Amino acid sequence: MSDPDGPLPASARTLVRSPYSDGEWHRLHPLTPLLRGGLTLLVIIGLIVANLRERLVEFLFPAFTDLPPGAIPPDPVDFLFANNLLLIAGGAALVVLIVLLVLFRLSWRFHMLRIGDDDVEVRSGVLFRTHRRAPLDRVQGVNLTRPMIARLLGLAKLEVVGAGLDANVKLEYLSGKDAEAIRGDILRLASGRRLAAGTATAAERSSLARQAAAAVGSGLQGLVDGEDLSDAEPESIVRIPLGRLVASRVLSGSTLFLIALVVGIVVAASLSTLWLLFTVVPMFLAFGAYYLRSIARGLRYSIAPTSDGVRVTFGLFTTVSEIVPPGRVHAIEVRQPLMWRPFGWWTVSVNRLSGRSSTDTSTDQFAAVLPIGTRDDVERVLAILAPALTGGEWTGVFRDGILGPVDDDPYMTTPPRARWLRPFSWRRNGVLLTDEALLMRRGWVWRSLSILPLARLQSVGVQQGPLARAFGAATLTGHVIAGTVQTSVGALDRDEVVRVFERTARASVMAASTDRSHRWAG
């Protein structure tokens with residue numbers, strides 16, 4: 001990556017806040033192998049507890065030790081005592097423990113990262129080596145995650161989001177302060193500004209034991225004092241009250257399904273009750289877990305503009321934070337379910353490169369940048385996600401798009417001859433091309449407005465099926481990065497769609513040639 005502005009002045013050197021950003025190879029936090037192998041340890045502990053559960057009950061509840069002989073079946077400890085194998089078993093356990101410690105130590109020594117002027121690299125593995133590289137000019141964002149256990153230890157993990165399938169590079173785990181500093185350094189380097197390399201002497205790098213002790217102490221102190229994120233977290237422009245968050249989850253499509261399920265249970269209970277234990281009870285537990293997870297995910301939510309991009313944070317137990325740099329949002333959708341309409345609530349989602357594998361079918365947790373909000377909240381969020389929209393375009397977005405249609409509707413809507421294709425939503429079904437974006441309005445039950453920035457538009461297409469052809473209608477589609485945002489509107493007048501298609505094609509080429517939002521000041 002070249003530096004078009006030349007070397008930075010001495011005052012800019014303070015922007016480098018982490019010794020990891022000096023272009024040299026560094027090891028990650030010493031507790032990394034423990035946290036990465038935590039699932040294996042949990043499985044081993046579970047097996048031990050399962051085999052020694054009677055012994056544990058006897059130890060924790062001495063009152064049960066007077067049970068008659070045979071009430072507590074023999075366990076592995078009784079077998080070891082009976083066959084004088086206790087020393088052998090202890091020696092074997094000690095050997096396994098030493099082997100695990102050696103493997104953890106080797107895993108830590110061979111797991112290294114390097115942050116250079118042009119890319120972020122991570123290599124790991126003892127027998128089978130892996131080397132991942134993320135070019136800084138392809139960085140789409142940097143996610144910071146604090147899982148519950150890691151947060152108690154004062155640690156966090158970073159995920160550098162690349163442009164492409166399975167292109168992400170994970171840095172796990174780092175101390176919380178290092179993670180924040182490294183994220184800031186990566187974003188500044190990715191912005192096109194070359195930072196002066198910070199140096200760290202051997203005396204500045206603490207020993208393995210000292211680092212681990214400091215992390216545990218910081219995590220335990222955080223339980224008492226709480227995390228101090230005042231330096232890292234800018235003030236959120238949106239606050240979601242707990243009552244609104246809970247109500248939004250209750251007034252969702254899942255609740256309608258749950259009500260239908262309850263009605264089915266009441267009807268079926270008069271016929272049989274045995275099947276309820278094996279089918280309905282697990283379904284209620286699943287619904288309960290879904291509601292708790294979705295509510296916990298919306299807690300501690302914040303969204304704020306920073307010098308590096310839009311910062312979105314959420315999560316009560318596992319706190320996740322993402323910074324989306326400018327020019328990385330490819331589509332925006334404002335959506336309102338039917339049961340939210342009396343309260344004037346909306347949700348905002350975006351399409352942006354996630355860098356996940358093509359086999360990863362999990363829901364994109366960062367798609368909803370505003371889980372629930374009022375019109376004022378939506379305006380504030382759209383102002384930082386689409387800052388290029390002018391005052392006149394905001395009228396097309398809010399009055400005509402989100403709240404419309406109005407009498408002087410500027411949107412191209414479904415013609416009378418094709419209204420039967422959209423019998424309920426033909427008035428809201430429409431398209432509007434502005435100087436900066438292609439706006440797509442749809443839905444009567446579930447209202448939505450999609451905003452496609454012209455500079456991010458990959459292509460535009462027109463489709464016409466046999467029914468639409470018979471009534472002179474067509475579908476207009478904007479091609480952007482795949483995601484949850486709907487990017488097409490159907491049942492529009494064919495001739496009008498062709499004209500919008502040609503204008504959009506010319507406008508998107510012009511917008512892409514003059515757009516500089518993919519480069520930003522660090």
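Visitor: What share of the contacts in the protein chain with a separation of 6 or more comes from residues 24 or more positions apart?
Guide: Welcome! Keep in mind that this is a predicted model. Among contacts in the protein chain with a separation of 6 or more, the share that links residues 24 or more positions apart is 60%.

Visitor: How many helices and strands does the protein chain have?
Guide: The protein chain has 522 residues, and 42% of them are buried. Its secondary structure comes to 15 helices and 20 strands.

Visitor: What pLDDT does the protein chain average?
Guide: pLDDT is the predictor's confidence in each residue, from 0 to 100. In this chain, 73% of the residues score at least 70. The average over the chain is a pLDDT of 77.

Visitor: How many contacts does the model have beyond four places in sequence for residues 220–231?
Guide: Where pLDDT is low, the predicted coordinates should not be read in detail. That caution suits residues 1–14, where the pLDDT is below 50, and residues 220–231, where pLDDT stays under 50. For residues 220–231, the number of contacts beyond four places in sequence is nine.

Visitor: Which strands stand at the edges of the open sheet with the order 1-2-3-4?
Guide: This open sheet has four strands with antiparallel pairing, and its twist averages 20 degrees from one strand to the next. An edge strand pairs on one side only. The two that do this are strand 1 (25–27) and strand 4 (130–135).

Visitor: Which residue stands opposite Arg27 in strand 2?
Guide: Strand 1 and strand 2 (residues 112–115) run antiparallel and are joined by three bridges. Opposite Arg27, in strand 2, stands Met112.

Visitor: At what angle do the axes of helix 12 and helix 13 cross?
Guide: Two packed helices are described by the angle between their axes and the distance between the axes. Here helix 12 (residues 375–385) and helix 13 (residues 391–402) have axes that come within 12 Å, and the crossing is right-handed. The angle is roughly 145 degrees.

Visitor: How do the residues of the contact of helix 12 with helix 13 divide into nonpolar, polar and charged?
Guide: Helix 12 brings Arg375, Val378, Glu379, Leu382 and Ala383 to the contact, while helix 13 brings Trp394, Val397, Phe398 and Ile402. Arg and Glu count as charged, and Val, Leu, Ala, Trp, Phe and Ile count as nonpolar. The division is therefore seven nonpolar, no polar and two charged.

Visitor: How many residues of strand 17 are buried?
Guide: Strand 17 (residues 447–453) pairs in the antiparallel sense with strand 11 (residues 331–336) over five bridges. Strand 17 also pairs with strand 16 (residues 437–442), antiparallel again, over six bridges. Strand 17 is mostly covered, and of its seven residues the number buried is six.

Visitor: Which residue in the turn between strand 16 and strand 17 has a positive phi?
Guide: Within this pair of strands, Arg441 stands opposite Leu449. Strand 16 and strand 17 form a hairpin, with four residues between them. The turn residue with a positive phi, about 90 degrees, is Gly443.

Visitor: Is Met412 buried or exposed?
Guide: Met412 is in strand 14 (residues 412–413). Beyond its neighbours within four places in sequence, Met412 is in contact with residues including Asn429, Leu492 and Val500. Its relative accessibility is 13%, and the cut-off for that class is under 20%, so Met412 counts as buried.

Visitor: How far apart in space, C-alpha to C-alpha, are Met412 and Arg441?
Guide: In sequence, Met412 and Arg441 are 29 residues apart. In space, C-alpha to C-alpha, they are apart by 9.7 Å.

Visitor: Why is one side of strand 18 and of strand 20 left without a neighbour in the sheet?
Guide: The three strands of this open sheet follow the order 18-19-20, with antiparallel pairing. Strand 18 (459–463) and strand 20 (488–493) stand at the edges, so each has a single partner strand.

Visitor: How many of the seven residues of strand 19 are buried?
Guide: Strand 19 (residues 473–479) is joined to strand 18 by five bridges and to strand 20 by four. Helix 15 (residues 494–514) lies across these three strands, at about 20 degrees to strand 19. Strand 19 is largely enclosed by the rest of the structure because its buried residues number five.

Visitor: Which residue is the bridge partner of Gly461 in strand 19?
Guide: Strand 18 and strand 19 run antiparallel. Val462 has Leu476 as its bridge partner in strand 19. For Gly461, the bridge partner is Thr477.

Terms used
Residues numbered from 1 in each chain as written. Predicted model: local features only at pLDDT ≥ 70, side-chain atom pairs only at ≥ 80, totals over all residues. Heavy atoms only, no water. Axes fitted to C-alpha atoms, helices over the stretch in contact; angles between N-to-C directions. Left-handed = near helix turned anticlockwise from the far one by under 90°. Contact = heavy atoms within 4.5 Å. Pairing = 2+ DSSP bridges. Buried < 20%, exposed > 50% of the residue type's maximum accessible area, 1.4 Å probe, protein only.
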